[in-house]
Amino acid sequence: MPEFKDPQAEKHYYETEASQEEFLSWYQKQEFPNYPKPALTVDNVILRWYQADPEEAPQLQLLLIKRKAHPFLGHYALPGGFVEPDEDTTQATIREVLEETHIALDPLRIEQLETFASPGRDPRAWVVSVAHIVYLPYDSGQEAVAGDDASAICWANLSVTESGALLLVDSESQEFIHDLAFDHELIITKAVRRLSNKLEYHPTVLSLLPSTFTIKDVRAIFDVFNHPQFRHVGMTAFRLRQEKYLTFLEFGHAGAGKRGRSHKTYTYQLNPFY
């Protein structure tokens, strides 16, 4: 081992001249301030586009669990939990959602939203959460079933008022949902704001639609967000706006509606944006 005239010379040697293996061996023997460390969790805004009856309008729905233990016993919350040391946050999202809802997620449909780290957001300890938006495929065939920390599952109809207020309604009881656990209302609000903003240039929410759809279907999912740029736009102008960043590829025709007319169906490609 080299001899050093002072600690600064030793530090300089291992940080700039030694091999990485030597540096790490030296580093792990040093005494550092014992800084408090936060726990890391994931919280997940899981969305689907769901039509219970062909005669009814489809709904944008958010998956919530009812907590079966403190803190926030009996409150609705986003599925999620603590990250294990050998996981990244996407892997933790997939594991926690499977444990709590029995839904298997596609990692390509998970989008990182934001890190939430406000002091006191969790009454138990200092907890930092990485939130994600999850886009479930249409008609995935998976049924959500409560497990692990969840005593029940709720699919909530999600919409936005003209004033921008968030509305969550239990799709079964038709009751409004308030007083979510932790800061989950803020997380949902931030997710909805991102999806709404992206309607103008990169509408990822369209990945919730069936593989083929009508322009009316596109308009319906846009209308959920009550975006001022699209709120009072006619269908022709609406489609022209979409074609700035979407390419609609004609696929076929949907069945005749109430007026006996069939509608063209499409798939789409997102145009590159810079």
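## Starting with a loop

Where is Asp 139 placed? Look in the loop that runs between β6 (127-135) and β7 (150-160). Keep in mind as you explore that this is a predicted model.

Asp 139 is worth a stop for its backbone. Its phi is positive, about 50°, although Asp 139 is not a glycine. As for its surroundings, Asp 139 counts as exposed, with 65% relative accessibility.

## Two more backbone oddities

Here's some background for this part. Most residues other than glycine have a negative phi, and most peptide bonds are trans.

Now find His 102, in the loop between α3 (89-101) and β5 (110-116). This residue isn't a glycine either, yet it has a positive phi of about 65°. Is His 102 buried, partly exposed or exposed? It's partly exposed: the relative accessible area of His 102 is 43%, and the partly exposed class runs between the 20% and 50% cut-offs.

The other oddity is a peptide bond. Going from His 70 to Pro 71, the bond is cis, and its omega is near 0°. You'll find Pro 71 in the loop between β2 (59-67) and β3 (76-77).

## The largest core

Time to look inside. The largest nonpolar core is made of 44 residues, and the ones with the most contacts inside it are Leu 47, Leu 62, Leu 64 and Phe 222. Which elements give two or more residues to this core? They are β1 (39-50), β2, β5, β6, β7, α4 (184-198), α5 (215-223) and β9 (246-254). The largest share comes from α4, with five residues.

Why does this core lie between two domains? Domain 2 (39-199) and domain 3 (204-270) both give residues to it, so the core sits between them.

## Zooming in on Leu 64

Let's pick out Leu 64, one of the residues with the most contacts inside that core. Which residues does Leu 64 contact, leaving aside its neighbours within four places in sequence? Its partners are Tyr 76, Ala 77, Leu 78, Ala 152, Ile 153, Cys 154, Ala 156, Ile 177 and Leu 180.

Apart from the largest core there is another one, this time of ten residues. Ile 46, Ile 110, Val 134 and Trp 155 are among them.

## What the record says

An unreviewed UniProt entry annotates residues 37-182 as "domain: Nudix hydrolase". Over that stretch the chain is 9% helix and 40% strand. The C-alpha atoms at the ends of residues 37-182 are 20 Å apart.

Key: Residues numbered from 1 in each chain as written. Predicted model: local features only at pLDDT ≥ 70, side-chain atom pairs only at ≥ 80, totals over all residues. Heavy atoms only, no water. Helix = DSSP H or I, 4+ residues; strand = E, 2+ residues; numbered from the N terminus. Buried < 20%, exposed > 50% of the residue type's maximum accessible area, 1.4 Å probe, protein only. Core = buried A, V, L, I, M, F, W, Y, C linked by side-chain atoms within 4.5 Å. Domains from an automatic or database assignment. Contact = heavy atoms within 4.5 Å. UniProt positions renumbered as here; feature names shortened; annotations may be inferred.
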